[in-house]
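Here is a short report on how two protein chains and two DNA strands fit together. Look over the sequence and the structure before you read on.

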Protein chains: 2
Amino acid sequence: MGKSENIPLPAVRRLSLYLRQLEAYADENHRTISSRQLGEVLGLSDAQVRKDLAYFGQFGHPGIGYRVPELIQRVRRILGTDKLSRVLLVGAGNLGRALIAFRGFQKRGFELAAVFDKDPDKVGQMTDGPNRLKIWDLSEMPAIVRKHSIRVGILAVPASAAQQVAEEMVAAGIRGILNFAPVPLQVGPDVSVASVDLAIHLEQLSFELNSVAP
Amino acid sequence: MGKSENIPLPAVRRLSLYLRQLEAYADENHRTISSRQLGEVLGLSDAQVRKDLAYFGQFGHPGIGYRVPELIQRVRRILGTDKLSRVLLVGAGNLGRALIAFRGFQKRGFELAAVFDKDPDKVGQMTDGPNRLKIWDLSEMPAIVRKHSIRVGILAVPASAAQQVAEEMVAAGIRGILNFAPVPLQVGPDVSVASVDLAIHLEQLSFELNSVAP
DNA sequence: CTATGTGAACAGCTTCACAGCG
DNA sequence: CGCTGTGAAGCTGTTCACATAG
C-alpha cells in the first residue's frame, strides 16, 4: 500500500475510535449502524463520520447504514490489525509491568511478545500475572526482533534513557515506537513515533478548567 | 479567565510540549532559547512556535529569543500549573497502581491526593511504593473532593464500569477527567474529558507502517 | 422515506514574508 | 544583525446540501 496521501491525519485517528465503537456494537449484536448513531456517541457530526469512512472506500449501504461486522473487517484491514501482530516492550518498571498485565492489547490485535530491561536484577526474571514473559537483556533485542518479525515496540523507560534505548530499538529493526517517556524522540524518517505523556493530558485539563471558570 | 476563544486547540496542546522542553533546557541552565531551536527539537517550524506563543502574550525579546525561566513561569500560569493542584485517582488495579508510583505528575504540578476503588478487599489498604495513600470507598469521594478542593480525576477502571464511575466523579464535584478506559464518556458540557487509549496508539503506528512499506 | 457519498462552501490552522525592536 | 510578532496568503480539514441508491 502507499496511497494514504490526501487522507487527513485526524481522519485516521478517528478511524480507530470508529473501530472501537463498532466492536462495542458488535458485542451487543447490532447488525447495522448509521453515521448519525456512530457520530452521536463519539461526539462527531454524521457528515464527519461519512466523510472519514469514505476516504478509505465505499463501505455503507444507502437507506441502511453500515453493516457492523463488515465495516469492522474493513477497518481492521486498513489499520493493519486484521492479523495479530507482535509487539515488544522495553522497560519493566511500574508502567511496563502494568502494560504487561493490560489485556486490552490482545483484544485489539496486538500480542506482547517480548520484554526487555537494562537492569541486571530484572533480566532473566519472569514477569508475574497471567501473561508470564521472560525479561531479556537489551543485547538480545536484534535477534528476537528478527526471529518474531516484530515491527513495533513500546518504550517505557525513564526519560534519561529514552533516546538511547530508542536508537537501540531502531537499530534492532523496530519501525514504530509507542513512547511513554516525556521527551521528544529524535529518529530517522523511516521510523514512526507515537508519544503518550500522562502529565501533559492533565495539563490540558487544567487549562480547560482555567479557561472557563477560574 | 475566559478569553481562550480564537486560540487554536492544536496550539494549546503544543504549549504543553513547549513547557516540557523549556524545563529540560532550564535543567541544563540555558538562559534563552530561540523559536528556531525550540521548534527544531520538537519537529515544528520556527514560525509555528512564535505564532503559538504569541496567542498567549508577548513573551519574546527580539534579537535575543525567549528567556527560559521567564517563559516557564508564564506558560505554567497559562496552563494553571503554577501552583500544585490536587488530583484523585479511581481504580487501584494494575494501571492505577502504576500511576500512583509515577513520579512525573508531581514534577509537573499535580499531586495525587486520594485513591478510590470499588473492591472491598482493596478499600482501607495502603498503596505501596514511596507515595503511600489509603484507598477509599467511592462513597467517600464527595467529602474528600470538597475537603481538598479537587477538580481533576484520573479514571483507571475497567471499561464496563467507566461510565458509571465517571458519573459518580462528576456528582462528587470533579470537572475534568483523564480517562484511561477504552470507552467514550458521556458527560455534561461543564465537564472536560481527555482520553488515553493505549491500544489506539498502537493501531495508529500499525497504520503508518502499513501505509509506507507493507 | 432513509441514509450514503460527495462536490462546493466554509472555517480553521499553518506558513510566508517582512516591519520593527533590541 | 538576529529574532520576535503579525497581517496576508495558502493550505488543510470540516460542514453543508443535495444527487443518488436501496
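## Contacts with DNA strand D

In this predicted model, a polar side-chain atom of A:Arg14 sits 2.9 Å from a phosphate oxygen of DNA strand D. Chain B reaches this strand as well. A polar backbone atom of B:Gly60 is 2.7 Å from a phosphate oxygen of DNA strand D. B:Lys51 meets a base instead: an N or O atom in the side chain of B:Lys51 lies 3.3 Å from a base oxygen of the strand.

Which elements give two or more residues to the surface near DNA strand D? They are helix H1 (9-27) and H3 of chain A, along with H3 of chain B. H3 of chain A gives the most, with four residues.

## The surroundings of DNA strand D

DNA strand D is surrounded by 23 residues. The closest are A:Arg14, B:Ser35, B:Arg50, B:Gly60 and B:Tyr66. Of the atoms of DNA strand D that come within 4 Å of the protein, 61% belong to sugar and phosphate.

What classes of residue make up the surface near DNA strand D? Nine are nonpolar, nine are polar and five are charged.

## Contacts with DNA strand C

Now turn to the other strand. A:Ser35 has a polar side-chain atom 2.7 Å from a phosphate oxygen of DNA strand C. A:Phe59 uses its backbone: a polar backbone atom there is 3.2 Å from a phosphate oxygen of DNA strand C. A:Arg50 reaches a base, with a polar side-chain atom 2.9 Å from a base nitrogen of DNA strand C. Three elements give two or more residues to the surface near this strand: helix H3 (46-56) of chain A, and helix H1 (9-27) and helix H3 (46-54) of chain B.

## The surroundings of DNA strand C

How many residues surround DNA strand C? The count is 23, and the closest are A:Ser35, A:Arg50, A:Gly60, A:Tyr66 and B:Arg14. Sugar and phosphate make up 67% of the atoms of DNA strand C that come within 4 Å of the protein. The surface near DNA strand C holds nine nonpolar, nine polar and five charged residues.

## How the two chains are related

Two copies of a chain are related by a rotation about an axis and a shift along it. Here, a turn of 180 degrees and a shift of 0.0 Å along the axis lay chain A on chain B, with an RMSD of 0.0 Å. That is the relation of a two-fold axis. Within chain A, the residue closest to the rotation axis is A:Ala98, with its C-alpha at 3.1 Å.

Why do the copies meet through the same surface? They do so because 100% of the interface residues of chain A are also interface residues in chain B.

## An aromatic pair between chains

Over all chains, a search of the whole structure finds four aromatic pairs. One of them joins A:Phe56 and B:Phe207: the ring centres are 6.3 Å apart and the planes are at 85 degrees, so the pair is edge-to-face. This pair crosses between chains. A:Phe56 belongs to helix H3 of chain A, and B:Phe207 belongs to helix H9 (residues 198-212) of chain B.

## Domains of chain A

Chain A is divided into two parts: domain 1 covers 9-77 and domain 2 covers 85-200. How many Å separate their centres? Taken over C-alpha atoms, the centres of domain 1 and domain 2 of chain A are 31 Å apart.

Terms used. Residues are numbered from 1 along each chain as its sequence is written. Chains are lettered from A and ligands numbered from 1 in the order in which they are written. This is a predicted model: local features need pLDDT of at least 70, side-chain atom pairs count only at pLDDT 80 or more; totals for chains, interfaces and linings use all residues. Side-chain values use heavy atoms; hydrogens and water are left out. Copies are superposed by least squares on the C-alpha atoms of residues with pLDDT of at least 70 in both. Contact means heavy atoms within 4.5 Å. Domain bounds come from an automatic or database domain assignment. A residue is near a molecule or strand if one of its heavy atoms lies within 4 Å of it. A polar contact is a pair of N or O atoms within 3.5 Å; within protein, one must be able to donate a hydrogen and the other to accept it, and residues adjacent in sequence count only if both atoms are side-chain atoms. Ala, Val, Leu, Ile, Met, Phe, Trp, Tyr, Cys and Pro count as nonpolar, Asp, Glu, Lys and Arg as charged, and the others, Gly among them, as polar. Rings of Phe, Tyr and Trp (its six-membered ring) pair if their centres lie within 6.5 Å; planes under 30 degrees apart count as stacked, over 60 as edge-to-face and the rest as tilted.
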